[in-house]
Amino acid sequence: MSFSSKIKSNYNPKRLAVKLNSKGEQFVLQGHPWVFSNNITKINDDAKSGDLAIIFGKNKNRVIGLGLYDANSPIRIKMLHSSTKKVEINADFFQKKINKAFKKRQPLLKTNTNSYRLLFGENDGFPGLIADVYASVLVVKIYSELWLPYLETIISDLQKISDVDTVVIRLSRRLEQSKSHKLKDGDVVFGTLENEVVQFVEHGINFSANVIKGHKTGYFLDHRANRKQVGEWSRGKKVLDVFSYAGGFSVHALANGAKEVTSLDISKQALEIAIENGKLNKYSGKHKIIDGDAFEELKKLIKNKITFDVVVIDPPSFAKQASEIDLAIKKYTQLAELGEQLTSKNGLLVLASCSSRVLAEVFYDINNQVLNVNNRRFKVLLKTQHDTDHPISFPEGAYLKTAYYRFLDS
C-alpha cells in the first residue's frame with residue numbers, strides 16, 4: 001500500500017533567524033512550546049508557515065531553540081527544541097520523537113485497550129498535531145499549515161509504529177479553508193476505510209467512533225481511566241450521565257452491571273450513538289435517554305424528585321478564551337448545585353471540567369464551596385487528570401480535572 005500524493009508538499013521550508021525580547025527568551029529557556037508574535041523583535045520579512053525558526057539569545061549570539069513558524073496564529077512560533085544543544089530538524093528528529101511517544105503508551109497497550117492517543121500535540125513535541133489510534137485506523141488531526149511540508153515523513157512513521165491498516169486526515173476549520181494543500185477533512189491517505197464508524201476496545205468495553213464526521217478525531221480518549229472507574233463503582237446502581245455525548249460513562253456503567261443508566265445530551269445524534277455503543281456490549285440494565293439542554297433537564301428531574309446513586313457531569317469547555325472565565329465559573333457552580341440535589345443518599349457525584357483556563361484549584365474550590373453550603377457530609381474519594389496517553393509537559397496543556405465526591409448521609 002502507498003500513501004496518497006495529497007500529503008506531499010511542494011514547499012521547501014526556509015531557515016529563519018529570529019530574535020526575541022526578554023520575555024520571549026525566558027519562555028524558550030524554560031522550555032515553553034509557544035512564542036507569541038509580540039515576543040519577536042527580529043525575523044525575516046518573507047517568513048512562511050512551516051519555515052524553521054532558529055532562535056538566537058537576546059544578548060549572546062547563540063542558538064537557544066528551534067521551532068516552526070506559523071504565519072496565521074498569534075502563537076507565531078511553535079517550539080520543537082528548546083536548548084543550546086545542536087540538533088538537525090529532519091526525518092530522523094521526528095522519528096525519534098514519535099518512538100519516544102509510542103514508548104510512553106506501552107503500559108496502556110498492555111491492558112485490553114486498542115484505542116489511544118499516540119501524539120498529544122505540544123506535550124509530545126508536535127504542536128498543533130494530534131494522532132489517535134482506533135483499532136486498525138489512525139486519525140491524524142492537523143491544526144496548522146506549518147505541518148504541511150513535514151506531513152509525508154511524519155504520517156509514514158506514525159503508520160509504521162502503530163501498524164495500522166488505514167490513515168485518515170482530519171483538518172481544523174482554518175486549515176479546511178486554506179489553499180496551501182490538496183487535502184479535505186476526512187481524506188483517507190493510506191489504505192481503505194470500508195466503514196467510517198470504527199469499532200475499538202477500551203479496557204475490555206466495546207465502543208465505536210465516526211472517524212470522518214465525529215468531533216475532533218471521532219471520540220474523547222482523555223477520560224478513559226475515569227470511565228473505567230465510574231463503571232466499576234456503578235454495579236447495581238442507578239446512574240445519570242450528563243453531557244453524555246457517545247455514552248462513554250453510560251456504556252462502562254451498563255457493561256459493569258448498573259441497574260439503570262440515563263444518558264443526557266442536547267444532541268439526538270450523539271444519544272443514538274450512545275445507545276448503539278451500549279449494544280456493542282452485554283448488559284441487563286435499562287438504558288434511558290434524555291435529549292435537551294442539560295441545565296433545564298436537570299431542573300426538571302429535581303422538580304420530579306428523581307435521584308441517582310451515581311451522577312456524572314462532564315460538560316464541554318465553558319471557557320475557550322479569558323473573557324469567558326467568569327461565566328464558566330457560574331456554570332460550574334450551577335452544575336455542582338444541580339448534581340448535589342440529584343445524588344441520592346450516600347451516592348457518588350463525579351464532576352469534571354475540560355476548560356484549561358479554569359485551573360484545577362479553582363474548579364475544586366467551586367465544588368467544595370457548593371457542597372459545603374448544603375450541610376451534607378461528603379468525602380473526596382479521588383481527584384484525577386488526563387489518562388496516561390495524554391502526558392502533560394507545560395501548564396496550559398493540563399486542561400482535564402475530575403473529582404469524585406461520596407456523600408456520607410446518615
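Start by selecting Lys19 and Lys42: in this predicted model, Lys42 in strand 3 is the bridge partner of Lys19. Once both are on screen, widen the selection to the strands around them.

**Stop 1: the pair around Lys19**

Colour residues 15-20, which make up strand 1, and add strand 3 beside them. The two strands run antiparallel, and two bridges join them. Strands in a sheet are held to each other by backbone hydrogen bonds, in a parallel or an antiparallel sense.

**Stop 2: the six-stranded sheet**

Now bring in the rest of this sheet. Which order do its strands follow? Reading across, you pass 2-6-5-4-1-3, in an open sheet of six strands with mixed pairing. Select 34-36 and 40-42 to see the edges: these are strand 2 and strand 3, and each of them pairs on one side only. If you draw axes through the strands, neighbours here are turned by 45° against each other on average, with direction ignored.

**Stop 3: the second largest pocket**

Keep strand 6 (75-81) visible and add helix 2 (91-104), since your next stop touches both. Each of these two elements supplies at least two residues to the lining of the second largest pocket. Helix 2 is the biggest contributor to that lining, giving seven residues. The pocket holds about 500 Å³ of space. To find the middle, select Leu80, Lys97, Lys100, Asp124 and Gly125, which are the closest to the pocket centre among its 22 lining residues. What is the chemical make-up of the lining? Colour by residue class and you should find six nonpolar, eight polar and eight charged residues.

**Stop 4: the five-stranded sheet**

Move on to the other sheet on this tour. Five strands make an open sheet in the order 7-8-9-10-11, again with mixed pairing. Why does one side of strand 7 (115-120) and of strand 11 (187-190) have no neighbour in the sheet? Both stand at the edges with a single partner strand each, so one side of each stays free of a neighbouring strand. Neighbouring strands in this sheet are turned by 25° on average, direction ignored.

Zoom in on residues 166-171, strand 10, which pairs with strand 11 in the antiparallel sense over three bridges. Pick Val168, and opposite it in strand 11 you will find Val188.

**Stop 5: the helix on the sheet**

Finish with residues 151-162, helix 4, which packs on this sheet. Helix 4 touches strand 7, strand 8 (129-134), strand 9 (137-142), strand 10 and strand 11. Compare directions with strand 9, and you will see that helix 4 makes an angle of about 150° with that strand.

Notes. Residues are numbered from 1 along each chain as its sequence is written. This is a predicted model: local features need pLDDT of at least 70, side-chain atom pairs count only at pLDDT 80 or more; totals for chains, interfaces and linings use all residues. Side-chain values use heavy atoms; hydrogens and water are left out. Two strands pair if DSSP finds at least two bridges between them. Helices (H or I, at least four residues) and strands (E, at least two) are DSSP runs, numbered from the N terminus. Axes are lines fitted to C-alpha atoms, for helices over the stretch in contact, and angles run from 0 to 180 degrees between N-to-C directions. On a 1 Å grid over the protein atoms alone, a cavity is a set of points where a 1.4 Å probe fits but cannot get out, and a pocket is an open set with protein on both sides within 12 Å along at least five of seven lines; lining residues have an atom within 4 Å of a point. Grid points are joined across faces, edges and corners, and a volume is the space filled by probe spheres set on the points. Ala, Val, Leu, Ile, Met, Phe, Trp, Tyr, Cys and Pro count as nonpolar, Asp, Glu, Lys and Arg as charged, and the others, Gly among them, as polar. Contact means heavy atoms within 4.5 Å.
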